[in-house]
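I opened the notebook with the ligand in mind and will work outwards from there. Entries are in the order I looked things up.

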Amino acid sequence: MPVTLIGSLVNGRPNFMTVAFISRVCLDPPLVSTGLNKRSATREAVLKNRVFSVNFPTAAMVKEADYCGLVSANNTDKSMLFEVFYGKSPAAPMIQRCPLCLECTVLETHDFNSHSCIIAEITAAHVDECCLTGRKPDPKKINPLLLTIPDNRYWALGESVGYAWSAGKELMKGK
Ligand SMILES: Cc1cc2nc3c(=O)[nH]c(=O)nc-3n(C[C@H](O)[C@H](O)[C@H](O)COP(=O)(O)O)c2cc1C
């Protein structure tokens, strides 16, 4: 799973929560879905403000990323941990040090036992210029932080093993 930091405004301060339950779910409109636990301050802020940010920390930010998942804004102020910047909304703080940051607006929410599933539209994307190759975000340069469960280990990106919508073409021959 990718490790992300969800940025929101909690009691007027920037707050960041570690989130691995997150995925793109639609191309047009560009949608993400994420699962936020009901004890988190972030879920409450996102439901109230209807906007949030998704920040992708680098593998080098492993300590900060883990910390944001260990402590809650309900009892710990995380607002000074990162230098932040803002895009369209003052309620969606983004992390300067993260090479890729998305601004999102909530479209739908679905309530389950432990988590709420939030479906949101990506309204803007910010990428560090040094992480682009030919005007496109380059995963190798972004060096995202990854997580495996149930062993609870963090990883950096490994080697590419092929191209999507291409590697399988060989098996189509003769059909
Ligand atoms: C690696 C990692 C991944 C996590 N992923 C999620 C997740 O996808 N959804 C979730 O609700 N909580 C997740 N958590 C737990 C929250 O980050 C944790 O509840 C956090 O304290 C909430 O912060 P907040 O109360 O300031 O919003 C994760 C924690 C870690 C360490």
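Entry one, polar contacts. I started at alanine 41, where a backbone N or O atom lies 2.8 Å from an oxygen atom of the ligand. This is a predicted model, so I read every distance here as a property of that model.

I checked valine 71 next and found one of its polar backbone atoms 2.9 Å from an oxygen atom of the ligand. Then I went to lysine 78, where it is the side chain that takes part: an N or O atom there is 2.8 Å from a ligand oxygen atom. I also looked up how far the ligand is wrapped: it has 650 Å² of accessible area on its own, and the protein covers 85% of that.

Entry two, the shell. I counted 22 residues around the ligand, and Thr18, Phe21, Asn37, Thr42 and Ser72 come nearest. By type I got 11 nonpolar, 9 polar and 2 charged residues in the shell.

Which elements supply at least two residues each of the shell around the ligand? I noted strand 2 (13-19), strand 4 (31-37), helix 1 (41-49) and helix 2 (62-70). Strand 2 gives the most, with 4 residues. I checked the pockets as well, and the ligand sits in the largest one.

Entry three, the whole chain. I stepped back and tallied 3 helices and 13 strands. The C-alpha trace spans about 60 × 35 × 35 Å along its principal axes. I tried the globule rule too: for 175 residues a compact globule would have a radius of gyration near 16 Å, and the chain has 17 Å, so the two agree.

Entry four, backbone oddities. I keep the usual picture in mind here: most peptide bonds are trans, and most residues other than glycine have a negative phi.

Where is the cis peptide bond with omega of about 5°? I found it joining aspartate 28 and proline 29. Proline 29 has its place in the loop between strand 3 (22-26) and strand 4.

I logged another cis bond from isoleucine 149 to proline 150, with omega near 20°. That proline 150 lies in the loop between strand 12 (146-148) and strand 13 (153-155).

Last, I looked at phi. Asparagine 11 is not a glycine, yet its phi is positive, at about 50°. I placed asparagine 11 in the loop between strand 1 (4-10) and strand 2. Strand 2 was already in my notes as the element that gives the most to the ligand shell.

How values were computed
Residues are numbered from 1 along each chain as its sequence is written. This is a predicted model: local features need pLDDT of at least 70, side-chain atom pairs count only at pLDDT 80 or more; totals for chains, interfaces and linings use all residues. Side-chain values use heavy atoms; hydrogens and water are left out. A residue is near a molecule or strand if one of its heavy atoms lies within 4 Å of it. A polar contact is a pair of N or O atoms within 3.5 Å; within protein, one must be able to donate a hydrogen and the other to accept it, and residues adjacent in sequence count only if both atoms are side-chain atoms. Accessible areas come from the Shrake-Rupley method with a 1.4 Å probe; for residues, only the protein chains shown count as cover. On a 1 Å grid over the protein atoms alone, a cavity is a set of points where a 1.4 Å probe fits but cannot get out, and a pocket is an open set with protein on both sides within 12 Å along at least five of seven lines; lining residues have an atom within 4 Å of a point. A molecule sits in a cavity or pocket if more than half of its atoms lie within 2 Å of its grid points. Ala, Val, Leu, Ile, Met, Phe, Trp, Tyr, Cys and Pro count as nonpolar, Asp, Glu, Lys and Arg as charged, and the others, Gly among them, as polar. The radius of gyration is taken over C-alpha atoms; the globule rule is 2.2 Å times the number of residues to the power 0.38.
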